[in-house]
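Q: I have a structure open and would like to go through it with you, piece by piece. Could we begin with a single residue and then move on to the metal site and the strands?

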Amino acid sequence: MISPAIRYSCKILGVLFLTMGSSSYAASPDQTGITRVSITERSDKTGYVLRLHSDKYIQAFSPPREAGDDRYELTVFNTDVSTSIRKDDPSGPISTYNLTTRDGHTVFRFTVLPGMKIDASAYRDRDTNDLLVGLIYSSGDSQTTETIAARPLQPVENDGPSVGARNRWRLDTIVIDAGHGGKDPGTSKHGVREKDVTLAVAKKVGAYLEEYLKVNVIYTRDDDRFIDLKKRGEIANKAGGKLFVSIHADAQARGSSANGATMYILGTHKTKAAREAMERENSVVSFEADQSAYSGINNQSIIMQTLAQSSYMRQSEQLASLLEKQFAQRANRKTRGVKQAGFWVLWHASMPAVLIELGFVTNRGDARYMDSELGQTYLASAIYRAIRDYKFEYEKELSLTTSQ
Ligand SMILES: [Zn+2]
């Protein structure tokens, strides 16, 4: 018998195929709106901040990119502009700016004064729904650099990266996402339920991270409860997570021979196995009360979201390969490689993100291992070690780039 979850995933596939190749984007009914643009100078005088005030949570945005001739642009996805928007006059290094909406997304463009060199970055405000675009005078402008150097830098809140604010970018908060839960058991076979395995391993990983790395651990769930896919990313973003690790277990559609662990990062799938894993994990939205958030998802938006996540792609890949190495070395597991697929749970997290399929519930050996205390300890230990190594490499790079 086909389970409700599988039937729903077929329905989603139908939608995907129908909209493929079309450039239309079905905006969700609860479209986010930008209500105001304000401009302020950073408190340490090293640049300016553009604040895009939003009345709703912004799911995703792209990093600002240079568009030539002192122009920059970034895209705020699934977001509209309020008809009664209030806009500050351009000031500081900003000479003009505008917002345009297309296909349900907003493109924010701005130009800086001719010849002005800036480093632009976009990031969320921790306390509101607003998106902040930080413009820091770049060291390419010698006069500005001298002026800045003469002034002591102070740590600043919500002003984006600077030497003084380096701590903002430290890998201090790690989000551990135990897949499934509550009414959604995930895959069940051989008396093993995916939701139990993922929770047990997640809690062990979190305990190791807290004890040995002294970082904040945010669990999307720490008991047997159901959490929407979209909500998981929101929990991660609102907590200011620097890394998102989603823990799942695999299933083979037919047969039981497939075994081993797979690491996934967001992208377009290239293999049948990756597509099947993605469809299975995404199909859990059939348990959610409100599915309108997913109604606008099609191939085009997956590609755009992959672009939005692309600033984290290198880091996600780095973590995924460290995980693969530890699964082989520490846990002595068969590994099936680092793959890409359009997992919705990864799409909502605005940070480097990896989804781990620990092993196959449908394989007797894997199932027994994942269900055992010893197996769970080794799996958690492998994940902990990979994150530890990632943190070490990441912070080494961070100190190199910010101490120049
Ligand atoms: Zn799963």
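Q: Where is the place of Tyr 212?
A: Tyr 212 is in helix H3. Please keep in mind that this is a predicted model.

Q: Is Tyr 212 buried, partly exposed or exposed?
A: Tyr 212 is partly exposed, as its relative accessible area is 49%.

Q: How far apart are Tyr 212 and Tyr 384, in sequence and in space?
A: The two tyrosines are separated by 172 residues in sequence, and their C-alpha atoms lie 9.2 Å apart.

Q: On to the metal. Which residues coordinate the zinc ion?
A: His 180 contributes NE2, Glu 194 an OE atom and His 248 ND1, while Glu 281 is listed with OE twice. The distances run from 2.0 to 2.5 Å.

Q: What spacing do the donors of the zinc ion follow along the chain?
A: The spacing is H-x13-E-x53-H-x32-E.

Q: And which parts does the pair of His 180 and Glu 194 tie together?
A: His 180 lies in the loop between S10 and strand S11 (188–189), and Glu 194 belongs to helix H3 (residues 194–213), so the pair links parts that are 14 residues apart in sequence.

Q: Are those two buried or exposed? Take His 180 to start with.
A: His 180 is buried, at a relative accessible area of 5%. Glu 194 is buried as well, with a value of 0%.

Q: Changing topic: how many residues of helix H4 are buried?
A: Seven of the 10 residues in helix H4 (residues 229–238) are buried, so the helix is largely enclosed by the rest of the structure. The buried ones are Leu 229, Lys 230, Arg 232, Gly 233, Glu 234, Ala 236 and Asn 237.

Q: What do the buried residues of H4 pack against?
A: They pack against three strands and two helices: strand S8 (118–124), strand S10 (173–178), strand S14 (243–250), helix H5 (272–282) and helix H8 (344–347).

Q: Which residue just after H4 takes a positive phi?
A: That is Gly 240, with a phi of about 70°.

Q: Now strand S9. How many of its residues are buried?
A: Seven of the seven residues of strand S9 (residues 131–137) are buried, so S9 is largely enclosed by the rest of the structure.

Q: Which residues lie on each side of S9?
A: Leu 131, Val 133, Leu 135 and Tyr 137 are on one side, with Leu 132, Gly 134 and Ile 136 on the other; both faces are covered. In a regular strand, side chains alternate between the two faces of the sheet.

Q: How many bridges join strand S2 to S9?
A: Six bridges join strand S2 (residues 47–54) to S9, and the two run antiparallel. Within S9, Leu 135 has Tyr 48 opposite.

Q: And over how many bridges do S8 and S9 pair?
A: S8 and S9 pair over seven bridges, in the antiparallel sense. Asp 119 stands opposite Ile 136 in S9, and a hairpin of six residues connects S8 to S9.

Q: One more sheet. What is the order of the strands in the open sheet of four?
A: The order is S3-S4-S7-S6, with antiparallel pairing. Strand S3 (65–68) and strand S6 (94–102) stand at the edges with a single partner strand each, so one side of each has no neighbour in the sheet. From one strand to the next, the twist averages 25°.

Q: Over how many bridges do S3 and strand S4 pair?
A: S3 and strand S4 (residues 71–76) pair over three bridges in the antiparallel sense. Glu 66 is opposite Tyr 72 in S4.

Notes: Residues are numbered from 1 along each chain as its sequence is written. This is a predicted model: local features need pLDDT of at least 70, side-chain atom pairs count only at pLDDT 80 or more; totals for chains, interfaces and linings use all residues. Side-chain values use heavy atoms; hydrogens and water are left out. Buried means under 20% relative accessible area, exposed over 50%, partly exposed in between (1.4 Å probe, protein chains only). Contact means heavy atoms within 4.5 Å. Donors are N, O and S atoms within 2.8 Å of the metal (3.2 Å for Na, K and Ca); water is not among the atoms, so sites may look incomplete. Two strands pair if DSSP finds at least two bridges between them. Axes are lines fitted to C-alpha atoms, for helices over the stretch in contact, and angles run from 0 to 180 degrees between N-to-C directions.
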